[in-house]
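Dear colleague,

I am handing over the structure below, together with some notes on what turned up when I went through it. Please read the notes with the coordinates open beside them.

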Amino acid sequence: MCNHSIWPRLSAPVRAVALLCGLILSLFLFLAATAAAHAAPARLADIFSDGSILQRQMPVPVFGWAEPGTKVEVSFAGQSVAATADAQGYWKAQLAPLEASIEPRELTVKAGSDTLTVRNVLVGEVWLVAGQSNMRAGGPDLDSGVYPHYVSKGNGGGMPEIRIRDFGTGVSLEALPDVDEAGRGKNKWITMNENPPAKEMPLPYYFARVLRDALNVPVGLIMVAVPGTNQAAWMSKETLESFPALDKGDNFYAEFLATKEADLTKGKGADAPYKSWAEFKAAEDAWRANTKAPWPGKGQTWINFPTVLYNTRVHPLAPYAFKGVIWHQGEAGPRGPYGKRLVAMFRQWRTLFGHDFPVVWGTLSRNTQSQPPLLPATDGFYRSGTNVEIRRALPEFGGEKNVDFVEFYDLGNENTHFTMKAEAGRRMALGVLAKAYGQTHDYTGPRVKDSKVEGGKITVTFSDTGKGIRYEPSLNGISGVIIRGADGQAAWADVKVLGPNTLELSSAQVPEPKGAAYAANSNPHETIFNSDGLPASPFVVKGEDTEQPRTERGKRGAAGEPSAAIVRVEANPAKADLHLQHVRRDGYVLEFRAAKAAPGDKVTVLAYVPAEWSEAQVEVSGQPVTAESVTDAAGKYVKFEMPIGVRAVVAKAGKAADFSKINRY
């Protein structure tokens, strides 16, 4: 405040300077107040929203943004921890490990004059769900009649809640610190409805039920999986650059990016009207002025550029605390050393999040439009080679104890999106309980541990046999194991159980075997099981080495003669797809499916009758039907009609009832 008694005695120059100083001070205070009024409010990272689940029993980072230099205090469950926003405005405070709690509590953040509150927060187990469409596509909760049907009491039965959070949006070739602003705040934590449960659910939901029931704590799923996406989209640029180009280029990242750009100039991708990534991003920048309009990146093109999903869905999540990752992907490739890339990807993710979290991934599924062969020949389809790589990823981890794959091959049907998600989720949860929580469970069938070729025989030792390996030959006594000689001669092997973990393979037709292959088909015979009835993973052995099976044409009859097959189609006006879902020595189950079948559409089939059956019994929709006996150059068959969308059983006389309950949907 001015002292007016002194002011008249001051000289004019001094008074001028004083006035100037006062004006400058007033301007400074005005600008400071204006800046404070317009400063961006403090915010938490997008993953923190009402209903969050925090990971128990490990440090819990809480992070966000504020004005540089802002003091931040985070309070939860009796803890208060401090942080300061850095020069970029980023801050991170870390809560000490928490115990599981079903009590809804508030997470409070005070940042300068801002107070942020996240309500209804639980503490339990959090898992990151990544991959492509089979982590999103649903399946019914039905009893297959083959595998255990898991039934949960649900949260209505007193169990803790399961909560799900979709995370991430858009695409970027640069790693984002948080969710893209256009999608920020749009996804929320939701509680899984279990009263009653949905008629169909995706694999991770079934996984979460088993996990929650076993641990009796809340379970949170962070869903980042995106349908139709390739592996490279989920990897960081540095990780992709560590792999050499497959054909040409400085490295795999540069090669893959160049290929994607070149595809645009060639007009590949009906959903990609832009001729370059730069042109697309310019359109996206214009779209941001009105985000209610459709996003210009819809479709499959842009989500399959390298790194774009890592940059928008994985990197922005860090360093949120979670227990581990479940993964299912591979149908979209890309080609090359998938297994090595998978291991490198997860190791880089571990570095990003700061801990060596457990990882469990699933194999791809069989194709039941194909048929188990009656003659010893291997075959494959587009998922076969990737499946070999997916299994090879496990030894690439170098014996780490908290990683594994779970076999899904036997769960497939005629569609890429197999529907036995309930069993897949159960197996994946049991695998996680074993690898991440130290429990003992049989979640996968026998796997080759060792093999030896000696004296005209092949001895194969297995792991994961449970209480002992089981061998059950298929139709006509087919072993499902092809044994090969040096001259390429092949025969179905004779299989002998030597002990709880060991089989002996031989054949009089191949006196000097060089190798053998089991389940090396798109839809193989299943004959080797563990004590719980889970089938062995497909394998090829050659001495002590393993390799990818060769793909061959199935054996066909001479010109004008029918092929030897379990199911032959005589009339199929709706062009329905065969789903040969279950084949055993005493019978098999089949179904035809069509998306646009008209009511009353039927398929006329010829169904194989093995020589060791005295006669065949046929049931359609659980009812006996009369079938015509047909014998031709391919063998003995029964002919009958069946509607589309229902199951038929063809069985040895007196055995149909054993198969009528089976529904490997």
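In this predicted model, a salt bridge brings together the side chains of Asp 632 and Arg 568, with 2.8 Å from N to O. Asp 632 belongs to strand β34 (residues 628-632) while Arg 568 belongs to strand β28 (residues 567-571), so the contact ties together parts of the chain that are 64 residues apart in sequence. The two partners do not fall into one accessibility class: Arg 568 is buried, because its relative accessible area of 16% is under the 20% limit, whereas Asp 632, at 25%, counts as partly exposed.

A second salt bridge worth your attention joins Asp 180 and Arg 288, whose side chains meet at 2.7 Å, again from N to O. Here the pair links distant parts of the chain, 108 residues apart, since Asp 180 sits in the loop between β10 (162-166) and β11 (189-191) and Arg 288 in the loop between α5 (277-287) and α6 (308-314). Asp 180 counts as buried at 14% relative accessibility, and Arg 288, at 34%, counts as partly exposed. These two residues also belong to a network, in which salt bridges with shared partners join Asp 180, Lys 281, Glu 284 and Arg 288.

A further case is the pair formed by Arg 212 and Asp 213, where the closest N and O atoms are 2.6 Å apart; Arg 212 is buried, with a relative accessible area of 0%. By the distance rule applied here, with a nitrogen of Lys or Arg within 4 Å of a carboxyl oxygen of Asp or Glu, the count for the model comes to 33 salt bridges.

Turning from side chains to strands, you will find an open sheet of four strands, which run in the order β17-β18-β23-β22 with antiparallel pairing. The edges are taken by β17 (447-454) and β22 (494-499), and because each of these has a single partner strand, one side of each is left without a neighbour in the sheet. From one strand to the next, the twist averages 25°.

At the β17 edge, the partner is β18 (residues 457-463), and the two strands pair in the antiparallel sense over seven bridges. As a point of reference for checking the register on your screen, Lys 452 stands opposite Thr 459 in β18.

With best wishes

Key. Residues are numbered from 1 along each chain as its sequence is written. This is a predicted model: local features need pLDDT of at least 70, side-chain atom pairs count only at pLDDT 80 or more; totals for chains, interfaces and linings use all residues. Side-chain values use heavy atoms; hydrogens and water are left out. Two strands pair if DSSP finds at least two bridges between them. Axes are lines fitted to C-alpha atoms, for helices over the stretch in contact, and angles run from 0 to 180 degrees between N-to-C directions. Buried means under 20% relative accessible area, exposed over 50%, partly exposed in between (1.4 Å probe, protein chains only).
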